[in-house]
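This briefing introduces the structure shown below. It covers two helices, the nonpolar core and the internal cavities.

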Amino acid sequence: LGVFGGSLAQRALPFLIFALMLEPVPAQAWFIVIWLAVLGTQLMLVHQLEDYESDRLARVKTWLQTIGQEQGIRWLLLLTVLVIALPVLAVPLFAHPSGTALALILLLLSARSMLWTGGVLLEQKSAVSFKSSESALAAEPLGQQEDPKSQLDLGRAYLLQRIRSGELCTRAPVDSIHKDWDWKGEPYLALNVVIAMGSALPDKDKENLAASLLTLQQSGAWDYTNGGRGPDSDTTASALRALERLGVTTDASGLEPFLNNQSGLYNTFIKAGEYGGLKLPPQSKKSHFGAHPCVLPNIWLYLREQGLLESLSLPILQEVQSDSGLWSNYFYASPYYSSRLYCELLGDFGDVYQNLLEATLYALLDYEIPASPTQQAEISIALQHLLNLFPARQLEITDKNASLVSSLLQTQKQDGSWEGEAIWTFAHREHPDDVIGFDSFRVHSTSLAVRAVDLFLAGSNRLS
């Protein structure tokens, strides 16, 4: 509406005011008004496409940012066809010679816009070709190097570039119709990136990232979609934990609206209403509005880090832990996502929850190593948080970790990243197809892999 309204105001309406002064208003004038409205919309879309990257980095909310680049190019091509087709239609509508003269005038007026459109589309094609070449280079695995620390440095260099490029975000798969969540997720993804970077993150980049996160804050809470869908407790906890590591003092007030006083649990969304309380998989429209097993440990980790959490409900933990010993997921695609968080959280309580974690340890040691770098890293991080809790099994844990880390180092790409995958899936409330957040910039996978390798090497472990 904003794009079309702007095109009307800039071109079509001024001409219409002039045409209304004529008595009577020629039919050709109404035709020109329609054509100018289409032309104006096309030119505004070309301008937004030309400034797409700078607008995205500056967080300028335009129509193109909402619908995405691919959809925007489709609309631009359609409008371009209409800009050319309408003058051609003037010939049969108004007959020769007036129709022909009108068609020629309009086509001449649109010549400059056609050249501009063509130039921008060629630039987009070149950019896509360049990124494809980059991707092809990145696709080649680097292979394990003699010094694993050099691979850590390469991974951190990749993450630093993603921070500076504003690419801490997810995108939907190419064939997905749900693009509203594209280029979103920085408050959530920043946490693992900041942990992975550690002291290697330059002070200026710390300041810039912290400022960016604070800009996205809404009354102390954060929204994964940067203001499009409303705050959620998982993104809020992630942003708070990231800000603390970036040197910004925070408090838990932003999490208070999510707290369900009856259950004592934090709902994922504020408007849970009658659907609040613990919700286990599978997903459903109603159970989205509740407390979820993969979100709670992230919140509890923040509270624990702030000295605000002394204990957890054992019945709740027992309900969340599956029979396999792993921990239930709701939104997240990896079967090890929640297990990593619970090992980080419960491991910090010493032997208080050791019985629960022992079942998790058995499962993690027993399972075959998955092909996914993200899942390998999650298992490795989880095991390293259990290492000191089970001294009798330290050798077994270390051997498993050595295999996991060795596999990670062998699959690192030449640009320093690790292959990404779907991070989360969300059952759409109206459409049968799920919404998927894909780690297209390999930020989530790379930050977890760097964390896993760094933890392993910091423990004075050696690869065989």
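Helix H5 has nine positions to look at first: its buried residues are Gly-72, Leu-76, Leu-79, Thr-80, Val-83, Leu-86, Pro-87, Ala-90 and Phe-94. The model is a predicted one.

**Helix H5**
- H5 covers residues 69-94, and its 26 residues should span 38 Å at 1.5 Å a residue.
- The C-alpha atoms at the two ends of H5 are 38 Å apart, so the expected span and the model agree.
- Ala-95, just after H5, has a positive phi of about 65 degrees.

**Helix H14**
- Of the 11 residues of H14, 10 are buried, so the rest of the structure largely encloses this helix.
- The buried residues of H14 include the polar pair Ser-338 and Ser-339, and the charged pair Arg-340 and Glu-344.
- Tyr-337, Leu-341, Tyr-342, Cys-343, Leu-345 and Leu-346 are also among the buried residues of H14.

**Nonpolar core**
- The largest nonpolar core holds 126 residues, of which Trp-300, Leu-312, Leu-317, Leu-346 and Leu-364 touch the most other members.
- Helix H2 (residues 27-50) gives the most to this core, with 12 residues.
- Leaving out residues up to four places away in sequence, Leu-317 touches Trp-300, Leu-312, Trp-327, Tyr-342, Leu-346, Tyr-353 and Leu-356.
- Two of these contacts of Leu-317, Tyr-342 and Leu-346, are buried residues of H14.
- In soluble globular proteins, nonpolar side chains tend to be buried together.

**Largest cavity**
- Searching the whole structure gives 2 cavities of 30 Å³ or more, and the largest has a volume of about 90 Å³.
- Its lining is made up of Tyr-188, Leu-191, Asn-192, Ile-195, Ser-238, Arg-241, Asn-298, Tyr-337, Arg-340, Leu-341, Glu-344 and Arg-451.
- Helix H9 (186-197), helix H11 (233-245) and helix H14 (337-347) are the elements that each give two or more residues to this lining.
- The lining of the largest cavity has 5 nonpolar, 3 polar and 4 charged residues.

**Second largest cavity**
- The second largest cavity has a volume of about 30 Å³.
- Ser-334, Tyr-337, Thr-374, Glu-378, Glu-421, Ala-422, Ile-423 and His-444 line the second largest cavity.
- Helix H16 (373-384) and strand E3 (422-426) are the elements that give two or more residues to this lining.
- By class, the lining of the second largest cavity divides into 3 nonpolar, 3 polar and 2 charged residues.
- Tyr-337 of H14 lines the largest cavity and also the second largest cavity.

Definitions and conventions. Residues numbered from 1 in each chain as written. Predicted model: local features only at pLDDT ≥ 70, side-chain atom pairs only at ≥ 80, totals over all residues. Heavy atoms only, no water. Core = buried A, V, L, I, M, F, W, Y, C linked by side-chain atoms within 4.5 Å. Buried < 20%, exposed > 50% of the residue type's maximum accessible area, 1.4 Å probe, protein only. Helix = DSSP H or I, 4+ residues; strand = E, 2+ residues; numbered from the N terminus. Contact = heavy atoms within 4.5 Å. 1 Å grid on protein atoms, 1.4 Å probe; cavity = no way out; pocket = protein on both sides within 12 Å on 5 of 7 lines; lining within 4 Å. Points joined across faces, edges and corners; volume = space filled by probe spheres on them. Expected span 1.5 Å × (residues − 1).
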